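Biologist: I would like a close look at a single part of this protein, namely its salt bridges and the helices that carry them. Please take me through that part with care, and add whatever bears on the surroundings.

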Amino acid sequence: MTYLTPVLDTMYPTTLTQLSRANPFNAPLFSLQEIEEPKQSLPANGLSRNLAAAAIAEGDSCEFGSRKYLLLCGFGGIISCGTTHAALVPLDLVKCRMQNDPHRMLNSADVSCEFGSTKYYALCGFGGILSCGLTHTAVVPLDLVKCRIQVDPDKYKSIGKGFSLTLKEDGARGLAKGWAPTFIGYSMQGLCKFGFYEMFKIFYSDMLGEENTYLWRTSLYLAASASAEFFADIALAPMEACKVRIQTCPGYANNLRQCAPKMFAEEGVWAFYKGVVPLWMRQIPYTMMKFACFERTVELLYKHVVPKPRAECTKGEQLIVTFTAGYIAGVFCAIVSHPADSVVSVLNKESGSTAAQVLKKLGPKGVWKGLVARIIMIGTLTALQWFIYDSVKVYFRLPRPPPPEMPESLKKKLGLTE
């Protein structure tokens, strides 16, 4: 990619000045100060900073054309093409603005990268892959029983009955049905969910400004999480459709290799995306509750329950608070998103049905079937996801902002300080 910033700086200095001062990485919770516009300069090694990392001869991790090289290139293709170009527009914008404001750095002795940098987003996305992919795969047996209760409540009357019938009909291996699409689908979803959430949170925070960010922080969490989940569900939908078909249609397919080609042959590409709208209906409210409730619960725990400030807590104590807040958020998530989850389960089982038809068929009571199983599953799941995600941040020494505090300027306006 060729950058025209020096040329544009000469042609349109006023526009570039305004653009760089609107830097979305200048999160109000960390700093708010006017600085002189930095001049563009190249690093000492002469390489310009951009989103695509180009390997150089010295320090290459593998031989050009080797199996590892091709495998990692394929993984890069999954990340680059799995999300839409529209999803990358905000990231490209903030990257360009970040180049015009290289002064916004945190203490390198405490953290491994700059807050809001490409490396920061990449590691947050990696944390999302681990937190969502591993946890959802771990609870596949409970998820399988939950889905069967939703689509066939007459046969699977309870959690215990569901497990006993599944073991009787399919054996112990039957409880693991759908693990492959679960792992792949939710890994991709976690990548987009957590990575884009961090990006949108910073982006919207800069748009609001320091004082409004504090006053409207719950709305900011809701908006950032909803934006992230919109794209995360597009990545999840194909594997979710395969998972539900494997789990709820006995004899249809035993694994992903059998299921995906069969679905494509019968219904085409639409088979993988017909559930994306009800998936949005389920996942967007779930994720909004998951992030907003978690953020505010952490804030309240440190304010009213934990006997000392977060800065004085050990990393282990901080992770305990993270797990507790995650479980509380998970219970609310399960309740908010359960009706839409029931619709998704039935819709992916029955070809040719629409979300409205399924909703009418289930009725007001039917959409709440399997709620207890979902509360147990989602509560544990959400707590573990936040614990793993925060552990990844601790392990890689990523910037971890403390709970928000009222800005001094706002305190003066409200008469709280002299």
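Modeller: What follows goes through the salt bridges one pair at a time, and then turns to the helices and surface patches around them.

The model is a predicted one, and 16 salt bridges are counted in it. One of them pairs the side chains of Glu 169 and Lys 155, with an N to O distance of 2.9 Å. Since Glu 169 belongs to helix H7 (residues 159–170) while Lys 155 sits in the loop between H6 and H7, this pair ties together parts that are 14 residues apart in sequence. Glu 169 is partly exposed, at a relative accessible area of 42%, and Lys 155 is also partly exposed, at 33%.

A second example joins Glu 295 to Lys 201 through their side chains, at 3.2 Å from N to O. Here Glu 295 is part of helix H13 (residues 276–305) and Lys 201 is part of helix H8, so the contact links parts that lie 94 residues apart in sequence. Both Glu 295 and Lys 201 are buried, a term that stands for under 20% relative accessible area.

The salt bridge between Lys 243 and Glu 240 has its closest N and O atoms 3.9 Å apart, which falls within the 4 Å cut-off. These two residues are three apart in helix H10 (residues 217–248), and about one helical turn therefore separates Lys 243 from Glu 240. Lys 243 and Glu 240 are both buried. Through shared partners, salt bridges join Asp 143, Glu 240, Lys 243 and Arg 282 into one network.

Asp 143 leads on to helix H6, where it is listed among the buried residues together with others, including Lys 146 and Arg 148. Helix H6 (residues 140–151) is mostly covered, with 11 of its 12 residues buried, and its first and last C-alpha atoms are 16 Å apart, close to the 16 Å expected at 1.5 Å a residue.

Helix H8 (residues 179–208), which holds Lys 201, also supplies three residues, the largest share, of a nonpolar surface patch. That patch is made by Leu 134, Trp 179, Phe 183 and Ile 184 and covers about 390 Å². Ile 184 lies in helix H8 and is partly exposed, with a relative accessible area of 40%.

There is also a positive surface patch, formed by Lys 157, Lys 161, Lys 168, Lys 365 and Lys 369. Of these, Lys 365 is placed in helix H15 (residues 355–366), and its relative accessibility of 73% makes it count as exposed.

Conventions:
Residues numbered from 1 in each chain as written. Predicted model: local features only at pLDDT ≥ 70, side-chain atom pairs only at ≥ 80, totals over all residues. Heavy atoms only, no water. Patch = residues over 30% accessible without salt bridge, like charges linked within 9 Å, V, L, I, M, F, W, Y side chains within 5 Å. Areas by Shrake-Rupley, 256 points an atom, 1.4 Å probe, with all protein chains shown as cover. Lys, Arg positive; Asp, Glu negative; His and termini not counted. Charge placed at Lys NZ, Arg CZ, Asp CG, Glu CD. Helix = DSSP H or I, 4+ residues; strand = E, 2+ residues; numbered from the N terminus. Buried < 20%, exposed > 50% of the residue type's maximum accessible area, 1.4 Å probe, protein only. Expected span 1.5 Å × (residues − 1).
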